[in-house]
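I opened my notebook on this one and kept the entries short. Here is what I looked up, in the order I went through it.

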Amino acid sequence: MNHPMPRPSLWPTTAGLTRREIMRRAGLTVMGLGAAPSILAACGDDDDDAGSGNTSGGSAETSGTPAGTSGTAATTATTAGTTASTEGGAGGATGAINYLSWEGYDLPVESIEAFKSATGISINASYIANHDEIQAKITAGGDAAGYDLITYYQGYKPLYTELDILTPLDESKLPNLEGMLPFWGSAEQGFWIDDDGTRTGVPFTWGSIGLTYNSEETPELPSWYDLLDPSFKGRVGMVDDPAGNLALACKILSLKTNELPKDQMADVVELLEQFAAQTKGVAPSFGDMTSQLVSGEIVACFHGWAAMNSFAAAEGLTTVKTNLPSEGSHSFCDAYAIPPTTTNPDAAHAWINQSLDPTTNAEAAIYLVGAVTVADAVEQLDEATKALYPYEDLETLLEQAPLAINAPTESDEFVTFPEWLDAWQQIKAGV
Amino acid sequence: MAADQGGRLRLVASAPGPDVGPGSAGGDPIGATGRSTDRRRRPLFAAVPALVWMLLFFVLPLVVFAIYSVLTAGLYEVSTPLTLDPYRDAITDPLNRTLARNSVIVGVATATVCIAVGLPVAYWLRFAAGRWRLAVLFLITASMFASYLVRIYAWRSVLGSEGIINSGLVSLGLIDEPLSFLLYNRGAVVIALVHIFLPFVVLVLYAAMTPMSDGLLEAGRDLGAGSVMLWRRVVMPIMAAPCWNAFVFVFILSAADYVTPQFLGGREGTTLGVRIQAAFISVGNWPLAAATSFLMLGGFVLLHLAGSFVLRRLRLNDLRLAT
């Protein structure tokens, strides 16, 4: 199934100058060229350099060695699923992977440890606290850090395409793609596979947003609007996730996030204002919102997900539950990708391939309290993790909670993502 | 102010002032002048490492930052032509004005409380702590060992609905429902920031008081000054400049903070720093973020200059404890 992704006109880049280019030129300037004039002059003639991201992306694709020859990867793992990864193997890839993403997505699970031992691949992790740190760091000096592996939420695909953050992946080095569940292996809305067939990401974990609540304090709430009841004043949690909140508000109002007419943004803002008014403040992260649930500051979340049940239980509160309200919600999926800053694309490919090993995929889902993307991984889940999502009828779930796409980066007709971010800042501050 | 009889310590100023002056100080500013001369004699190269450091890691980034602030914004990129639009946008945005007001309120409140609490503590440490001085100084220093985030979360557990204060009040039967106004507002931000910055203020003010000898206060008492007058005419003039510097230090760090407001501030506690962070990281509008930062920087510089001007007018800017 391939739904071509709407591609509104994007920000012009021909006159653009990346921050690392500015810094490079500033450095040269300091060495005697005279600071401001040089940097400013550079802004006007940067066309060639602006495309360098693509070029390096291409080299990332071509510099790897053919996959499937080594058979050394994950040879110490014992399950049938792991055999699949040895077929793809690491192709002799080894060395360090500079990883930039969420803590936990570097998969500290048993089969990954075996993979690392077998291949000599290691992870230098830089963790983020906010998804936006990925594009901020890659565009502002990622070359120096040499990031090899990132993840992206599917809604960020247009933005990352615009910013040249995603390089084409070499599917010949990813034999485990064959084992994916049909939906996650498809080119769904171009989230992971472009219209021309170029793969830019490999989804390895996903989940659905729901209404998370403390069942000791409140019964199950069948509608998002139930949170607006005066009895919940000051007891509702809301997280600083502008993309997620926009997607959820649009879903509740039966609007499309990526085709939201500018004159309807006020409706979305008004709705979110109502929910925000029920909170004491916007939590900076899901972890922080979980802490608020555990400490009793809040009893329900406008925007939670099933993993919070486990996070809260780990902190001693076992009565947290998550349900899907009648208006529906949206789902999220995170995919591994290789940025143009990579210096070790072979190892990054090997890592991504290993993430699709059924055992690894299942262990990751258990660890992350999420869902799997690999068919054979389902049976390897423990009962609790398996019960989180209806694998026998994913279609229905994904109709009620579809994968959302962010607002476009530029459009005359629709609300753009920067416009939305501005509006979100005002909602957060109650202005 | 008359010098003590032993001549160990004198209060001198660069010009006559309302409370102290050359006439009362005995007209022999040798201590101050001598120190200035010593300072001039120090080899210049001693300052080179600091100078290079500041040039590379402060001045140069600031210059680059200034250039950013007048470039045309793209999405996570900048381009020509030069424009003042980022400054116009930053100034005219009503949200920025609201957040700037929040920042000023948080900064002034935090700095004021820090000085009001820190000055008496520093005075006590210098003149009355006796054998407790080292132990208390250690405790003050030790309070800085806990990480910034840990202290923020600690305050949440103190001020929260299920926190120590609310639980205590409920247990005592003084309230039926937890007090919700303790957390997620500007007051909670100020409390946490005071906790974070108070040790710095105490240490700075204590260091400024260290050269003040017991004899100076004794001289004041001998001349008939009571405690209030001693504070007003001896301690405060000497401590005015250090207090102002400590105030500005705390004000800048508090007003620019963007972490504590996110955890404790709720909607009314959001500050301009949060907006700048979002402009850099989430929105990708570097010129707007840089321009807003420079406007904040300009405000801080103006504040410092205004304070220094007032101190100079009051002849309190160059008081020295001559030995």
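**Entry 1: where the chains meet**

I began with the interface, keeping in mind that this is a predicted model. I found 36 residues of chain B in contact with 42 residues of chain A. Next I looked up which elements of chain B are involved: α3 (48-68), β3 (78-79), α5 (94-127), α12 (260-264) and α13 (272-283) each supply at least two residues of the side that touches chain A. Which of them gives the most to that side? My note says α13(B), with six residues. I also sorted this side of chain B by class and wrote down 19 nonpolar, 12 polar and five charged residues.

**Entry 2: a helix pair in chain B**

Since α5(B) and α13(B) both appear in the list above, I checked how they pack. Their axes come within 7 Å and cross at roughly 130°. An angle between 115 and 145 degrees falls in the oblique class, so I filed α5(B) as oblique to α13(B). On the α5(B) side I listed L95(B), N96(B), L99(B), A100(B) and S103(B), which meet L272(B), G273(B) and R275(B) of α13(B). By class, this contact holds four nonpolar, three polar and one charged residues.

**Entry 3: the domains of chain A**

I turned to chain A and its domain assignment, which gives domain 1 (13-50), domain 2 (67-205 + 333-388) and domain 3 (207-331 + 406-429). Over C-alpha atoms, the centres of domain 2 and domain 3 of chain A are 28 Å apart. How many residues does each of these two put into their contact? I noted 12 from domain 2 of chain A and 12 from domain 3 of chain A. On the domain 2 side, helix α9 (residues 157-162) of chain A gives the most, with three residues. That side of domain 2 divides into nine nonpolar, two polar and one charged residues.

**Entry 4: a helix pair in chain A**

I then looked at helix α11 (residues 242-252) and helix α12 (residues 265-277) of chain A, which pack at about 105° with their axes 10 Å apart. I therefore wrote down α11(A) and α12(A) as roughly perpendicular to each other. From α11(A), the residues N245(A), L246(A), A249(A), C250(A) and I252(A) meet V268(A), L271(A) and L272(A) of α12(A). I counted seven nonpolar residues, one polar and no charged in this contact.

**Entry 5: one glycine in a loop**

I picked G296(A), in the loop between α13 (286-295) and β6 (300-305) of chain A. Is G296(A) buried, exposed or partly exposed? It has 18 C-beta neighbours inside 10 Å, so I put it down as partly exposed. Leaving out residues up to four places away in sequence, G296(A) touches S161(B) and E162(B). I also checked G296(A) against G370(A): they are 74 residues apart in sequence and 25 Å apart in space, C-alpha to C-alpha.

**Entry 6: the nonpolar cores**

I finished with the largest nonpolar core, which has 139 residues, and V202(A) and A300(A) touch the most other members. Helix α13(B) gives the most to this core, with eight residues. Domain 2 and domain 3 of chain A each provide at least three residues to this core. I looked up the contacts of A300(A) beyond four places in sequence and found L211(A), T212(A), Y213(A), T218(A), L221(A), L227(A), F232(A) and V236(A). A second, separate core has 41 residues, including V106(B), I196(B), Y206(B) and F263(B).

Key
Residues are numbered from 1 along each chain as its sequence is written. Chains are lettered from A and ligands numbered from 1 in the order in which they are written. This is a predicted model: local features need pLDDT of at least 70, side-chain atom pairs count only at pLDDT 80 or more; totals for chains, interfaces and linings use all residues. Two residues are in contact if their C-beta atoms, placed from the backbone, lie within 7 Å. Helices (H or I, at least four residues) and strands (E, at least two) are DSSP runs, numbered from the N terminus. Ala, Val, Leu, Ile, Met, Phe, Trp, Tyr, Cys and Pro count as nonpolar, Asp, Glu, Lys and Arg as charged, and the others, Gly among them, as polar. Axes are lines fitted to C-alpha atoms, for helices over the stretch in contact, and angles run from 0 to 180 degrees between N-to-C directions. Angles under 35 degrees count as roughly parallel, over 145 as roughly antiparallel, 65 to 115 as roughly perpendicular and the rest as oblique. Domain bounds come from an automatic or database domain assignment. A residue is buried if 20 or more other C-beta atoms lie within 10 Å of its own, exposed if 12 or fewer, and partly exposed in between; C-beta atoms are placed from the backbone. A nonpolar core is a set of buried Ala, Val, Leu, Ile, Met, Phe, Trp, Tyr and Cys residues joined through C-beta atoms within 7 Å.
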